Amino acid sequence: MTTYSYFPGCSANSTGISYTKSADFVCKKIGIELEEIPEWCCCGTSAAKLTSYDLGYALPSRSLALAEKLDASRPIVAPCAGCYAALKDALVYAQASKENLEHVRDMINMPYEASVQVMNLLEVFSTQEAKDALQQQITKPLSAFKVACYYGCALVRPVEVCKFDDPEDPQSMDTIMRLAGAEPIDWSFKTECCGAAQQMAVPKPSRVLIERIFQNAEANGANAIVTACPLCWMNLDMRVKAINKERAEAGKPAFDLPVFFFTELLGVALGGDAKTLGIDVHFQPGAPAFIDQKVKESAQIEEERKLAAAEEARKLEERAAKLAAKKQAKAEDVHSPQGGEQ
Amino acid sequence: MSRIGVFICYCGSNIAGTVDVEKVAEVARTLPNVVHAETNKYTCSDPGQAGVKAAIEKYNIDRVVMGTCSPRMHELTWRKLLADTPVNPYMLEVANLREQCSWVHKDKEVGTAKAIDLIKMAVAKVDKLSPLKSTQIPVTKRALVVGGGIAGMQAALDIADAGYQVTVVERETSLGGKMVMLDKTFPTMDCSACICTPKMSEVGSHPNITVKSYAEVESVEGYVGNFDVTIREKAKYIDYNLCTGCGACTTKCPTKVINNFEQGMSARPAIYKMFAQAVPAKPVIDAEHCRKIQENKCGACAKICPTGAIHYDDEDKVTTERYGAIVLTTGYQLIDWKPLYPEYGGGKYPDVITGLQFERLVNASGPTEGHILRPSDGKEPKNVVIIKCVGSRDPHKGVAYCSRACCMYGAKHAHQFLDKVPDGRCFVFYMDVRTPGKGYDEFYMNTLQDGAQYLRGRVSKIYKEGDRLVCLGEDTLTSAQIRIEADMVVLETAMVPAEGVDKLGSMLGVTRDKDLWLTEAHAKLRPVETNTAGVFLAGVAQGPKDIPDTVCQAGAAASKVIGLLNHDHLESNPQISRVNEALCQGDGACVNICPYHAITLVQKQFRENSQKITRTVASVNPGLCQGCGACTVTCRAGAMDLLGYTNESLMREVDALCQW
């Protein structure tokens, strides 16, 4: 059992409820405990830094200080990519120099050492311990899922701050999905911008950003998109309806790609049902049906694979038996040439 | 008593602008043993030099301080001047009043005070110098050219035509370098092979030229006029005296190896000729991939060879020969863009190719016989994107410098594509278009008229959608986001120095700049010499350039070599180390530090306190010593002295600065 200090972030009980539910389910299954940091506050997101850099560092630092107070030896887990980026940026800032640390302490007026490690949920599931536990617990491999792993911008950039995965072609989510039996496709929009808050400010021009993500995922053969960020998920899952409407007017085919959190699919592989995992509250109504359909197909594929493997084993055995018989006959030939004649 | 003359130069306003030259001369007149001090507007000019000579005669001067520019600039000029007078050319000290004084100061008072200090030091030093005489070293009248590309071939031919023996060492199995890989050359669109291969065959058959292909320089010893060079010729496994070059062996080899000459776009056998017109026109066996040599199986080539020229037990041949001069023409390679540009796919898309790959694609003897076809599926691309400055002019990703030829060959590629695929479209992303050269801008304008669309901006991402490569970029002139669906992308990548040039440079004492290009002795006035006497350079080894500039430089290097080899003897530099044997402890510290292997320990007999004793002392080979002075600072006993820079004279200099 590993315990992490948990920073839920503002989306945890609103737009990202499915993420929270599914992460809870999966964590419990594989023995990860998340203890919420008491009195955590807003991470500041991009808005705080636009107001003032001090505010942008002070807000997340306050929560980091509270986490230290809770248990300085545990890493903090922030499932939301935006929270993760804000917390990690504040941490790296305070660690850069004594002056910076002093400055942060002055601002938050709390004891603070900038000593707690900040992790995102992908990082947690990339630890050997979590991977081993997952492997053991998987009951329904996702063999029929061809997923486009979409990381978004905040998990891997800026490289100097995150130091977590390749900024152009990250692999951590792909590895986790492969572990769950799914086939992650090779595509090119893993870390392209989803439009983030611009989707609220200027929705029409920003929709292009989402459209090309769907476009590339579909062109490379995905049947679902998987994310690790509540804002990415919302932008993609919510806005595809408007995009499909526009496409219909332009005579283009609609996208038929449900969008999941990676924890939701892990939950499915671990035997969770759509309701427990929050899949029933997606914007795209077809998500639960898609899961049912693909789980069935996956089972079928697994069955076929088992049969094929059994057949292969039988053939091998047969061949081995034949070979052994031949050898035996030869050996007898050599030992009793007269017996052969009789 | 010495009689010192001090000559201070205005250098127009170069020195006089920040140094009160007359005041410096006035102070100089008060210094001990100075019998005369004067100033001149331009001391290096003819009337200036005549003035110095006249003063030497008039005041019976026996040693001279020149308060002028850097000794790197004019020390030799002053030496030559003194050679015409009764003053020994080494009784000279140059006070650097320009590069190290007037040019670096703005305040005239500060500049003048520093100039006075420099003159005081020079006067103190020159007072302690003694006359030196140079000796004569013989010149071996043969030249070595390292690298058999167009620069090396041109230099070799020019030297050989002047009547001297030349050896060309080429690392690859054939002469030709990069030029022979190119299809056509801008701006005239000459077929590159048609003008390069005749040179190759001329080099191969020239009575004064020996070609050592598949060979590398292993070590160099000696000095100008007498370099002892050890060359390793790799085993070719074929007796070139027996081989007729019929090529039967290459048809029977079952092994397939990636063909580097075709830039990885086709395969070749393990016994191969680099290309059809290779010189020498005979194959070699690539031992690493040969089944006979690796596994002792096959042997098909030996069976078919009609002359029995194939020997699987062939070995590397190492020879050491003496040369009077060396020309380095080691050329370049293209930067490995793959790890630098993950956003361009980092090499996972076969249809994102380099300029050199395009050259092979468009070449009639290339893997597609001159049809422009995509490497991935062999289809003819209709939309081609060309990206310039990939790795160049970008210190964050690649190198900071401009690779110079890419603007022109980028335009050439656009022109060739539009010529061969008339219904195609070509987009060129550029940072600047740089076309300085005869007929170059006209060529670029023609490419625009051909229909190439030039977009000023960078491509931020290339990704695959279906079987097309989508290029996202920006047109910075219209601030428009650009999205182009391309069938093929050509990256015009940066030139970087050829592999191994660093080692070769160290061997010869030739410096490399921060980008590892070989450094010329003077950027403007000694462009083909290096800081090591007798070693010259030409072509891209010195920095990116196009073929015309390379050929010019090769000719210039050749003329320098011819000038050197024309001498029967060279004057040696007498400013070398001398051992004070009375002080020498024979501990060999100097032997270890000498970069030229000029010092050895010897047993010598001495008479001390009326007894004969034998001691170990250091001995300097005057031919090898370059006068670097490393030994003088290493010697704990102070037994090493650099003539012209003796310990005593340097201490006097320091005293002059500190005590007066």
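A salt bridge is taken here as a side-chain nitrogen of Lys or Arg within 4 Å of a carboxyl oxygen of Asp or Glu. By that rule, 0 salt bridges are found across the interface of domain 1 of chain A and domain 2 of chain A. The model is a predicted one, and the report below treats the two domains of chain A, then the contact between chain A and chain B, and lastly chain B itself.

## The two domains of chain A

Chain A is divided into domain 1, residues 2-122, and domain 2, residues 137-297, and the centres of these two domains, taken over C-alpha atoms, are separated by 24 Å. Their contact draws 25 residues from domain 1 of chain A and 30 residues from domain 2 of chain A. Together the two domains bury about 2,300 Å², and 74% of this area is on carbon and sulfur atoms. On the side of domain 1, the residues that lose the most area to domain 2 of chain A are Tyr19(A), Phe25(A) and Leu122(A), which together account for 30% of what that side buries.

Although the count of salt bridges between these domains is 0, there are 4 residue pairs in polar contact between them, both residues being at pLDDT 80 or more. Helix H1 (17-30), helix H4 (81-96) and helix H6 (121-125) of chain A each supply at least two residues of the side of domain 1 that touches domain 2, and H1(A) gives the largest share of that side, with 10 residues. By residue class, the side of domain 1 of chain A that touches domain 2 of chain A divides into 14 nonpolar, 7 polar and 4 charged residues.

Chain A also contains an open sheet of 4 strands in the order E2-E1-E3-E4, with parallel pairing. Its edge strands, each of which pairs on one side only, are E2 (32-36) and E4 (118-119) of chain A. Strand E1 (residues 2-6) of chain A runs parallel to E2(A) and is joined to E2(A) by 5 bridges; within this pairing, Thr3(A) stands opposite Glu33(A). In the loop between helix H5 (98-108) and E4 of chain A lies Ala114(A), a residue that has a positive phi of about 55° although it is not a glycine.

## The contact between chain A and chain B

The contact between the chains takes 11 residues from chain A and 10 residues from chain B. The two chains bury about 810 Å² between them, of which 44% is on carbon and sulfur atoms. Glu168(A), Ser188(A) and Phe189(A) supply 47% of the area that chain A buries against chain B, more than any other three residues.

Between chain A and chain B the count is 2 salt bridges, and one of the salt bridges in the model pairs Glu192(A) with Lys461(B), with the closest N and O atoms 3.1 Å apart. The rule further finds 5 residue pairs in polar contact across this interface, both residues being at pLDDT 80 or more. The side of chain A that touches chain B divides into 2 nonpolar, 4 polar and 5 charged residues.

Side chains of opposite charge can pair when their charged atoms come close. Over all chains, a search of the whole structure finds 60 salt bridges, including one in which the side chains of Glu168(A) and Arg157(A) meet at 3.8 Å, N to O. Glu168(A) lies in the loop between helix H8 (159-162) and helix H9 (172-179) of chain A, and Arg157(A) lies in the loop between strand E5 (146-150) and H8 of chain A, so the pair ties together parts that are 11 residues apart in sequence.

The peptide bond from Arg157(A) to Pro158(A) is one of the cis bonds listed here.

| Cis peptide bond | Omega | Place of the proline |
|---|---|---|
| Arg157(A) to Pro158(A) | near 0° | loop between E5 and H8 of chain A |
| Val279(B) to Pro280(B) | about 0° | loop between strand E15 (271-272) and strand E16 (284-285) of chain B |

## Chain B

Chain B is divided into domain 1 (4-126), domain 2 (136-233 + 319-331 + 500-565), domain 3 (235-315), domain 4 (333-496) and domain 5 (577-643). The centres of domain 3 and domain 5 of chain B, taken over C-alpha atoms, are 54 Å apart.

Strand E32 (residues 599-608) and strand E33 (residues 611-620) of chain B run antiparallel and are joined by 10 bridges. Thr600(B) has Ser619(B) in E33(B) as its bridge partner. The hairpin of E32(B) and E33(B) has 2 residues between the strands, and in this hairpin Asn609(B) takes a positive phi near 50°.

Conventions
Residues are numbered from 1 along each chain as its sequence is written. Chains are lettered from A and ligands numbered from 1 in the order in which they are written. This is a predicted model: local features need pLDDT of at least 70, side-chain atom pairs count only at pLDDT 80 or more; totals for chains, interfaces and linings use all residues. Side-chain values use heavy atoms; hydrogens and water are left out. Contact means heavy atoms within 4.5 Å. Buried area is the accessible area (1.4 Å probe) that two parts lose on being put together, summed over both. A polar contact is a pair of N or O atoms within 3.5 Å; within protein, one must be able to donate a hydrogen and the other to accept it, and residues adjacent in sequence count only if both atoms are side-chain atoms. Ala, Val, Leu, Ile, Met, Phe, Trp, Tyr, Cys and Pro count as nonpolar, Asp, Glu, Lys and Arg as charged, and the others, Gly among them, as polar. Domain bounds come from an automatic or database domain assignment. Two strands pair if DSSP finds at least two bridges between them.
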